[in-house]
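Me: I would like a close look at one small group of charged side chains, followed by a careful account of the parts of the chain that surround the topic. Please give the cut-offs as you go.

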Amino acid sequence: MPEVSEQEYNHQRLQQVNDALDSGMFVYVRKLLQDMPAYDLALLLESSPTKSRMALWQLIDADHHGDVLEELNEEVRKGILKNIHPEKLAVVAEGMDVDDLAEVFRTLPDSVYQEVLNAMDWQDRSRVEAALSYEEDTAGGIMNTDTISIRPDVTVDVVLRYLRLRGELPEATDSFYVVDRADHFIGAVSLSAIVTAKAETIISNLIDKDIQAIAADMNEKDVAQLFERYDWFSAPVVDHEDRLLGRITVDDVVDIIREEAEHSMMSMAGLDDEADTFAPVLKSTQRRSIWLGVNLITALLAVAVSSMFEGILNQLAILAVLNSLVPSMGGVAGNQTLTLVIRGMALGHVGESNSRILLYKELAIGFFNGLIWAVLIASVVAIWQQNLMLGAIIAFAMLMNMTAAGIAGVTVPLMLKRMNIDPALAGSVILTTVTDVVGIFAFLGTATLMLGS
């Protein structure tokens with residue numbers, strides 16, 4: 001039998017569940033869902049029409065509700081949460097990781113949020129309030145408080161006895177953090193060092209003081225870059241006085257990287273990365289109309305520039321045929337640069353310190369690319385139309401627009417970033433406007449000067 005891919009398997013399972021739901025075979029569906037991992041259950045909910053979601057949710061084992069909520073995207077999670085009674089949600093919240101709990105609570109309406117808090121015990125309530133005291137996209141907002149801290153003056157034997165008494169370690173534990181009596185972070189001791197050291201060894205002799213603690217207010221993107229740069233598995237989080245608050249693990253960072261990739265991909269199309277694939281028609285239409293409207297305005301600007309040269313277009317019909325060629329080539333070249341710069345900014349490779357060097361580089365690339373394609377296209381047009389002047393005009397316009405595209409590809413994302421606007425969301429629209437306007441103006445303006453009567 002041919003091997004079935006994971007994607008095909010998921011589609012088959014979704015079809016199986018939907019068919020069983022339509023047939024009213026709820027006991028069978030509950031059995032199907034019982035052994036599925038939380039991620040697969042979340043994927044199933046996200047892949048189902050909105051009318052089926054609450055039925056599926058109610059058939060999922062209540063013990064798994066918290067894990068499934070952690071995996072759902074924000075839009076789908078909101079739809080599920082608004083149908084859950086606050087007291088039930090308080091029960092679901094028990095045992096959830098602090099960072100995931102905070103993420104869930106941030107999607108609740110204020111009135112529901114307060115009701116859920118009131119229904120929780122004081123320990124869970126304090127966990128939530130502590131997590132929500134930090135901004136969502138900071139290290140404090142994504143950290144977990146389930147960390148083991150030890151004192152520098154105890155022995156390995158004391159630590160091992162404490163661990164046996166505790167019974168289990170927090171997930172993804174690779175290090176223990178050493179703190180003083182005021183909880184100030186001193187350093188870290190790896191789990192392997194604890195296990196292999198002699199029982200009488202003092203912890204202070206095992207401390208790795210080169211471990212870099214993360215400030216609670218550091219942006220999550222910067223956190224992800226640090227993990228990537230230093231191949232960390234986990235890292236401690238401290239406040240402004242170097243007191244240990246919690247830790248961030250690599251699974252949290254993987255989520256950040258995945259969300260950032262989804263955000264960039266969806267933003268290129270002007271869409272929300274948390275958008276629900278099966279959202280209601282009117283809601284989806286409203287969201288997409290915003291950027292379609294912006295695109296219409298920029299397109300009308302290009303049309304307005306073309307209309308300035310209506311006279312020469314009426315005289316020479318070939319100009320109307322060739323008019324889209326220059327903006328199109330400039331748009332492709334500009335988007336190549338734009339994508340490269342946005343990627344560089346996301347990875348921390350591009351900033352104020354080296355932006356001028358990058359600008360000169362892309363300016364040179366735009367000029368040389370423009371020169372190459374200007375000569376090639378000018379030759380084709382000149383031979384095709386038996387008109388050297390027309391070839392020279394399109395060559396000049398191509399050179400100007402390709403150079404402008406290189407400049408815009410660098411400056412547009414940097415300017416948007418300085419204005420706190422996401423370059424992935426608005427960069428492509430602005431760049432296309434620049435290359436359309438410059439390309440049309442250069443081509444038709446030069447044609448008017450050289451060929452107009």
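How far apart, N to O, are the side chains of Arg 243 and Asp 239 where they meet in a salt bridge?

Reply: The side chains of Arg 243 and Asp 239 meet at 3.2 Å, N to O, which counts as a salt bridge because a side-chain nitrogen of Lys or Arg has to lie within 4 Å of a carboxyl oxygen of Asp or Glu. This is a predicted model, in which local features need pLDDT of at least 70 and side-chain atom pairs count only at pLDDT 80 or more, while totals for chains, interfaces and linings use all residues. Residues are numbered from 1 along each chain as its sequence is written, and side-chain values use heavy atoms, with hydrogens and water left out.

Arg 243 also forms a salt bridge with Glu 241, where the closest N and O atoms are 2.5 Å apart, and Asp 239, Glu 241 and Arg 243 are thereby linked in a network of salt bridges. The members of this network are covered to various degrees, judged by relative accessible area (buried is under 20%, exposed is over 50% and partly exposed lies in between, with a 1.4 Å probe and protein chains only). Asp 239 counts as buried because its relative accessibility is 15%, whereas Arg 243, at 30%, counts as partly exposed, and so does Glu 241, at 38%.

The structure holds five salt bridges, and another of them joins the side chains of Lys 361 and Glu 362 at 3.8 Å, N to O. Here Glu 362 counts as buried, at 4% relative accessibility, while Lys 361, at 43%, counts as partly exposed.

The strands and helices can be described next. The protein chain has 22 helices and six strands, both taken as DSSP runs numbered from the N terminus (H or I of at least four residues for helices, E of at least two for strands). Three of the strands form an open sheet in the order S4-S5-S6, with mixed pairing. Strand S4 (214–215) and strand S6 (244–249) stand at the edges with a single partner strand each, so one side of each is left without a neighbour in the sheet. Strand S5 (residues 234–238) runs parallel to S4 and is joined to S4 by two bridges, which meets the rule that two strands pair if DSSP finds at least two bridges between them. Val 237 in S5 is the bridge partner of Ile 214.

A second open sheet, again of three strands, has the order S1-S2-S3 and mixed pairing. Strand S1 (149–150) and S3 stand at its edges, each with a single partner strand, so each has one side without a neighbour in the sheet. S1 and S2 pair in the parallel sense over two bridges, with Val 178 in S2 as the bridge partner of Ile 150, whereas S2 (residues 175–179) and S3 (residues 185–190) pair in the antiparallel sense over five bridges. Val 178 also stands opposite Gly 187 in S3. S2 and S3 form a hairpin with five residues between them, and Asp 183 in the turn has a positive phi of about 70°.

Away from the charged side chains, there is also nonpolar packing to consider, where a nonpolar core is a set of buried Ala, Val, Leu, Ile, Met, Phe, Trp, Tyr and Cys residues joined through side-chain atoms within 4.5 Å. The largest such core has 37 residues, of which Leu 33, Leu 69 and Phe 105 touch the most other members. Setting aside residues up to four places away in sequence, Phe 105 touches Ala 93, Tyr 113, Val 116, Leu 117, Met 120, Val 128 and Leu 132, a contact being heavy atoms within 4.5 Å. Apart from this core lies another, of 26 residues, among them Ile 377, Met 402, Phe 443 and Leu 444. Helix H8 (residues 98–106) is mostly covered, with seven of its nine residues buried, and Phe 105 is one of these, as are Asp 99 and Asp 100.

For the chain as a whole, buried residues make up 42% of the 453 residues. Of the contacts with a separation of 6 or more, 67% are between residues 24 or more positions apart.
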